[in-house]
Amino acid sequence: MAQMNWKQLLSPHRLGTENPGKITPERSPFQRDFDRIVFSGSFRRLQDKTQVFPLSGSTDVHTRLTHSMETSSIARSLGTAAGVFICNAADTDGAHPSDIGAAVAAAALAHDIGNPPLGHAGEEAIRYWFENSPAGRNICDEMDDAERADFYNYDGNAQGFRILTRLEMPDRTGGMQLTCATLGAFAKYPGSAESGLKKCGFFLSEKNYFSEVANSCGMLTNGKNCFKRHPLSFLLEAADDIAYLTVDFEDALRQGLIEYPELESYFLAIIDSESSASYVRSLRSSARKAEFLRAHVIGVLVRSAADEFIRHHDELLSGTWTTPLTEAIPQKDILNRIRSRSTSGIYNHPSVAEVVGAGFELVMGMLDIFVPCISEIDREKCGGKKASSRSRRIAAMLPEMLHHRPESAYCRLLGILDYISGMSDRNAVSLYQKLKGISL
């Protein structure tokens with residue numbers, strides 16, 4: 001059975017360049033990836049994008065920015081722990097465990113960079129609009145099946161890959177020109193919208209870029225425009241699971257959605273340590289108790305997930321292992337109980353649902369405005385000079401599209417979604433209110 005190999009999987013080749021890349025001891029190319037992401041505008045805007053509690057205004061709860069940073073920290077620990085085993089077991093072409101930790105940390109730092117305003121509600125709103133609104137169906141009728149699938153299956157993961165490889169530093173081939181190892185680890189869903197995966201990891205417009213990543217890393221094919229996952233993507237996925245299952249629960253305590261004894265019962269069951277239970281009883285503040293328990297829970301889960309990665313190492317290289325690591329570790333049943341409780345009592349709590357519901361309408365409302373206006377301008381000659389005054393004024397918000405009109409409906413729609421998905425939550429609310437004349 002064919003297997004991937006670590007020499008290729010840790011490819012330092014930078015997307016869109018001729019240089020094959022090299023792992024050097026003084027500064028890892030994966031650390032450079034991390035730095036490029038940190039200093040990007042798209043990453044900075046995550047400070048005002050929803051994690052769980054939209055537009056909360058509280059510094060006590062997490063945004064996508066703080067969630068991404070914490071996920072990255074966990075990912076570094078996971079990658080380094082797995083890297084010790086990898087470097088002892090395989091030819092890594094000079095890579096050290098810390099290099100592997102840095103690659104997973106960089107990928108994790110960017111894992112939510114493509115999320116539209118108001119999180120998953122924004123994604124769902126975009127998909128719903130294209131399938132159900134007359135304007136969405138009409139413009140999709142101008143496309144072929146592969147192009148149409150990108151909008152009917154729109155996903156923040158694919159938007160994130162587009163940001164990293166095209167929209168940030170757009171004047172360079174390959175955009176940010178991150179290493180193929182980092183981009184491979186970033187791709188939890190390494191297939192197009194037509195591939196049949198649960199979610200799509202890249203749009204048709206970035207198909208060639210993803211093929212370059214997959215070929216450089218030696219990722220195995222898994223059908224048309226689809227590949228077996230890069231093994232390090234399982235560590236990124238585990239880091240994300242660990243972060244949101246623990247920290248979202250702690251945030252819910254701060255927001256008063258759960259009581260401390262419930263958090264303690266779940267977290268102590270994971271830690272399974274009498275000394276920890278004794279120490280936490282000595283603390284007076286529920287908040288301090290929760291912080292202590294959360295830190296220890298993360299440590300236990302990191303060790304378990306790294307052990308599971310090592311246990312299934314050969315299956316990961318052959319692409320036959322497909323189960324998330326957190327669904328295979330000894331603590332999986334407790335995590336599933338936390339996940340179920342979070343779904344029922346936190347993510348669907350009325351205080352969250354009412355804002356998310358409003359966000360759903362907000363994103364669809366912007367598409368109702370932008371798509372017909374841009375389509376009208378495109379139908380007219382002379383750069384849309386014969387289009388209505390309203391359409392021309394709305395289009396002025398999208399200067400790149402107005403002055404460098406894309407040739408196809410597919411590219412026009414991607415440009416509109418680039419604009420909307422790049423907004424922070426508050427910017428999206430403010431713009432929508434202005435477009436509707438609610439606030440000037």
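This briefing describes the overall build of one protein and then looks at selected helices, loops and residues.

The structure is a predicted model, and its secondary structure consists of 22 helices and zero strands. The protein has 440 residues and a radius of gyration of 23 Å, which agrees with the value near 22 Å that a compact globule of that length would have. Buried residues account for 56% of the 440 residues.

**Overall build**

- Measured out along its principal axes, the C-alpha trace of the protein spans about 75 × 50 × 35 Å.
- If one takes the contacts between residues at least 6 apart in sequence, 73% of them join residues that are at least 24 apart.
- The accessible surface of the protein comes to about 18,800 Å², and carbon and sulfur atoms contribute 48% of that surface.
- The protein carries 48 positive and 54 negative side chains, and the centres of these two sets lie 4 Å apart.

**Helix α9 and the residue that follows**

- Helix α9 covers residues 156–167, and its 12 residues place the end C-alpha atoms only 14 Å apart, short of the 16 Å that a straight helix would reach at 1.5 Å a residue.
- This helix is largely enclosed by the rest of the structure, because 10 of its 12 residues are buried.
- The buried residues of α9 include Gly156, Asn157, Phe161, Arg162, Ile163 and Leu164, and the elements that cover the buried residues of this helix include α3 (41–44), α6 (119–132), α10, α11 (207–217) and α21.
- After α9 comes Met169, whose phi is positive, near 55°, and this residue is found in the loop between α9 (156–167) and α10 (180–186).
- Met169 counts as partly exposed because its relative accessibility is 37%, a value that lies between the 20% under which a residue is buried and the 50% over which a residue is exposed.

**Helix α21**

- Helix α21, which is made of residues 409–421, has 13 residues and reaches 18 Å from its first C-alpha to its last, close to the 18 Å expected at 1.5 Å a residue.
- The helix is mostly covered, with 11 of its 13 residues buried, and among these buried residues are Tyr410, Arg412, Leu413, Asp418 and Ile420.
- Helix α21 is also one of the elements that cover the buried residues of α9.

**Helix α13 and the loop after it**

- Phe267 lies in helix α13, which runs over residues 260–271, and Phe267 counts as buried because its relative accessibility is 0%.
- Leaving aside neighbours within four places in sequence, Phe267 is in contact with Thr246, Phe249, Leu293, Arg294, Val297 and Ile338.
- Phe267 and Leu335 are 68 residues apart in sequence, while their C-alpha atoms are 9.4 Å apart in space.
- Asp272 is placed in the loop between α13 and α14 (274–282), and at 68% relative accessibility Asp272 counts as exposed.
- Asp272 is not a glycine, and yet its phi is positive, at about 55°.
- As background to such phi values, most residues other than glycine have a negative phi.

**Helix α1 and the loop between α4 and α5**

- Lys7 lies in helix α1, residues 6–9, and with a relative accessible area of 46% Lys7 is partly exposed.
- Once neighbours within four places in sequence are left aside, Lys7 is in contact with Asp91 and Asp93.
- Lys7 and Gly218 are separated by 211 residues in sequence, whereas their C-alpha atoms are 9.1 Å apart in space.
- Thr92 is found in the loop between α4 (64–89) and α5 (97–109), and Thr92 counts as buried because its relative accessibility is 6%.
- Not counting residues up to four places away in sequence, Thr92 touches Trp6, Leu10, Ile86 and Cys87.

**Helix α15**

- Ala287 is found in helix α15, residues 286–311, and at 26% relative accessibility Ala287 counts as partly exposed.
- Ala287 and Glu250 are 37 residues apart in sequence and 8.5 Å apart in space, counted from C-alpha to C-alpha.

Notes
Residues are numbered from 1 along each chain as its sequence is written. This is a predicted model: local features need pLDDT of at least 70, side-chain atom pairs count only at pLDDT 80 or more; totals for chains, interfaces and linings use all residues. Side-chain values use heavy atoms; hydrogens and water are left out. Helices (H or I, at least four residues) and strands (E, at least two) are DSSP runs, numbered from the N terminus. The radius of gyration is taken over C-alpha atoms; the globule rule is 2.2 Å times the number of residues to the power 0.38. Buried means under 20% relative accessible area, exposed over 50%, partly exposed in between (1.4 Å probe, protein chains only). Contact means heavy atoms within 4.5 Å. Accessible areas come from the Shrake-Rupley method with a 1.4 Å probe; for residues, only the protein chains shown count as cover. Lys and Arg count as positive and Asp and Glu as negative; His and the chain ends are not counted. The place of a charge is taken as NZ of Lys, CZ of Arg, CG of Asp or CD of Glu. The expected span of a helix is 1.5 Å times one less than its number of residues.
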